[in-house]
Amino acid sequence: MIPVIYWSGTGNTKIMAESVVEAIKNAGQEAALYEVNEITPAQAAEYNALALGCPAMGAEVLEEYEFEPFFQELEGLLKDKKVALFGSYGWGGSYMQDWQLRVQQAGANLVADGVLALNTPDDTALSECAILGKKL
């Protein structure tokens, strides 16, 4: 089973998460969708592969009150795990590069570059989410 864990303020990142889950299932694997407050970092770390979704917030950072604390705790548990990242943004998108670097420095294996969507994900972004899910 592959957990897809996300935080979404407007619903855009949730749409992306649902696309990743669908792709994982279409590839013949089990997947579960979790809002970040529905799973602990320790529970997430029990899996060999996981997808994480969070939009850019403020000055190009992960959401500070729920997702960032979750990720900080999970970060030390990512060694040798397959990880996929995705999220939406409204004015930037450079946060994804920083997030990818953190994942790599934690010893995880990124399955692909993180998928970004400007505001509501369009068909291209959803297609990239599907590819991301299949790679997991």
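Hi everyone, let's start in a loop: Asn-119 sits between strand E6, residues 115-118, and helix H5. One thing to keep in mind throughout is that this is a predicted model. Asn-119 has a phi near 60°, which is a positive value in a residue other than glycine. For background, most residues other than glycine have a negative phi. How exposed is Asn-119? Its relative accessible area is 40%, so Asn-119 counts as partly exposed.

There is a second case of this kind. Asp-80 has a phi near 70°, again positive and again in a residue other than glycine. You'll find Asp-80 in the loop between H3 and strand E4, which covers 82-89. Is Asp-80 buried or exposed? Exposed, because its relative accessible area is 56% and the cut-off for exposed is over 50%.

Now let's go back to Asn-119 and look at who touches it. One residue in contact with Asn-119 is Asn-12, and Asn-12 belongs to helix H1. If we set aside residues up to four places away in sequence, Asn-12 touches Ser-88, Asn-119, Thr-120 and Pro-121. With Thr-120 there is also a polar contact, side chain to side chain, at 3.2 Å. Asn-12 has 12% relative accessibility, so it counts as buried; the cut-off there is under 20%.

Asn-12 brings us to helix H1, so let's see how that helix packs. H1 spans residues 12-26 and H5 spans residues 123-135; their axes come within 7 Å and cross at roughly 45°. That angle makes H1 oblique to H5. As for handedness, H1 passes H5 in a right-handed crossing. Which residues make the contact? From H1 we have Ile-15, Met-16, Ser-19, Val-20, Ala-23 and Ile-24, and from H5 we have Leu-126, Cys-129, Ala-130, Gly-133 and Lys-134. Sorted by class, the residues of this contact are eight nonpolar, two polar and one charged.

On to the other helix pair. Helix H3, residues 67-75, packs with helix H4, residues 95-105, at an angle of about 25°, and their axes are 10 Å apart. What does that make the pair? Roughly parallel to each other, because angles under 35 degrees count that way. The crossing of H3 past H4 is left-handed. On the H3 side, Phe-67, Glu-68, Phe-71, Gln-72 and Glu-75 take part, and they meet Trp-99, Arg-102 and Val-103 in H4. The class breakdown for the contact of H3 with H4 is four nonpolar, one polar and three charged residues.

Let me finish with Leu-136, which is placed in the segment after H5. Is Leu-136 buried or exposed? Buried, because its relative accessibility is 12%. And what is Leu-136 in contact with, leaving aside neighbours within four places in sequence? The list is Ile-2, Ile-24, Ala-49, Leu-50, Ala-51, Lys-82, Val-83, Ala-84 and Val-111. You may recognise Ile-24, which is also one of the H1 residues in the contact with H5. To tie in the other helix pair, the C-alpha atoms of Leu-136 and Phe-67 are separated by 21 Å, with their positions 69 residues apart along the chain. Phe-67, you'll remember, is among the H3 residues that meet H4.

That's my tour, thanks for listening!

Terms used: Residues numbered from 1 in each chain as written. Predicted model: local features only at pLDDT ≥ 70, side-chain atom pairs only at ≥ 80, totals over all residues. Heavy atoms only, no water. Axes fitted to C-alpha atoms, helices over the stretch in contact; angles between N-to-C directions. Helix = DSSP H or I, 4+ residues; strand = E, 2+ residues; numbered from the N terminus. Parallel < 35°, antiparallel > 145°, perpendicular 65-115°, else oblique. Left-handed = near helix turned anticlockwise from the far one by under 90°. Contact = heavy atoms within 4.5 Å. Nonpolar A, V, L, I, M, F, W, Y, C, P; charged D, E, K, R; others polar. Buried < 20%, exposed > 50% of the residue type's maximum accessible area, 1.4 Å probe, protein only. Polar contact = N/O pair within 3.5 Å; in protein donor to acceptor, adjacent residues only side chain to side chain.
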